[in-house]
Amino acid sequence: MAGLLLILISLSVVGVSAFVYQQASLTITQTIKEVATITLKNSDLGDLKEGESKAYTKAGVPNLGDAISITTTEANVYLHLDSDLDSLTTHASYSITVKFSAVVGTTYSVGDTACTLTIASPDYSSMDLDAAGTWKFDFEITTTTGSVDSDVPSTATVIVLAESTA
Amino acid sequence: MKIPLERSYAILIATLAIWVASLTLILIPTIGLTTPVYPPRPSYAYQLTLLVVTAAIASAFSMYLGIKHLFPDGLKIRERLRSLTDKKNINASRNSTKD
């Protein structure tokens, strides 16, 4: 029994290492890499009535504070944001304002707007993180629901990609 | 080269500990425990090398100990081959006697 267990451990170690090595090697060789996927559900934000407009900030929804956090090891890393806001057909409007909450260097200040994602313009390419260090971003959401026949759950997903010029 | 069983276990446990440590270091940014780093630091490549080396050592010793447990007297491949050859020779000589 112990012998079989040891052989099983041996095979598991090899299998796990090979998988992790392959995935990690991809990360090293990629010039563009997904660093975060952020999912915003209306169940997390609270219910909205038909036609109601509401704004959410980190003061009311703590998870919106430092929603994106990335450490760059070299200057001029470009962040791309890809969202599926265009699929939110039950909303009359939905916008996510991305603001700097921690910056490096002097180009940007905390509180500056980095970009705004809307239903008409769900993707943003790109913001230039021009100095190496830790950058953080807050989300602020403003939304107005449209006309619906029944309760509609909605989910917005934002994918954050990093790209270096090296 | 024969390695005492106690030493084999010690090597296995030590390398497994380093393997788990390097695996954790590689995986923690992926599972969101630390801030993602982009592009990866050069130390990331060293962690990967450590993972592969410790995996090779731990896997080899684990396999060695597993086989040692399953076959305490050794695999005796030479003896088995010899007995097989002997059986074949005996059968061949029997057949030639019949003829």
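Two strands count as paired if DSSP finds at least two bridges between them, and the exercises below apply this to a predicted model.

**Exercise 1.** Determine which strand of chain B is joined to β3(A), and in which direction the two run.

*Solution.* Begin with the bridges: two of them join β3(A) to strand β1 of chain B, residues 37-38, and the strands run parallel. This reaches the required number of at least two bridges, so the strands pair. Then locate a facing position, where A:Thr71 stands opposite B:Val37 in β1(B).

**Exercise 2.** Describe the interface of chain A and chain B by its area, its polar contacts and the elements of chain A that take part.

*Solution.* First take the area: about 2400 Å² is buried between the two chains, and carbon and sulfur atoms give 76% of this. Next consider the polar terms, for which the rule finds zero salt bridges across the interface but nine residue pairs in polar contact. The elements of chain A that give two or more residues to the side touching chain B are α1, β1, β3 and β9, and α1(A) gives the most, with 18 residues. Finally, sort the residues on this side of chain A, which divide into 18 nonpolar, twelve polar and three charged.

**Exercise 3.** Decide whether A:Ser154 is buried or exposed, and name its side-chain partner in a polar contact.

*Solution.* Place the residue first: A:Ser154 lies in the loop between β8 and β9 of chain A. Its relative accessibility is 9%, which is under the 20% cut-off, and therefore A:Ser154 counts as buried. Its side chain makes a polar contact with the side chain of A:His91, at 3.2 Å, and the residues that A:Ser154 touches include A:Leu40, A:Asn42 and A:Leu88.

Note on methods
Residues numbered from 1 in each chain as written. Chains lettered and ligands numbered in written order. Predicted model: local features only at pLDDT ≥ 70, side-chain atom pairs only at ≥ 80, totals over all residues. Heavy atoms only, no water. Buried area = accessible area lost by both parts, 1.4 Å probe. Salt bridge = Lys/Arg side-chain N within 4 Å of Asp/Glu carboxyl O. Polar contact = N/O pair within 3.5 Å; in protein donor to acceptor, adjacent residues only side chain to side chain. Helix = DSSP H or I, 4+ residues; strand = E, 2+ residues; numbered from the N terminus. Nonpolar A, V, L, I, M, F, W, Y, C, P; charged D, E, K, R; others polar. Buried < 20%, exposed > 50% of the residue type's maximum accessible area, 1.4 Å probe, protein only. Contact = heavy atoms within 4.5 Å. Lists of a residue's contacts leave out its neighbours within four places in sequence.
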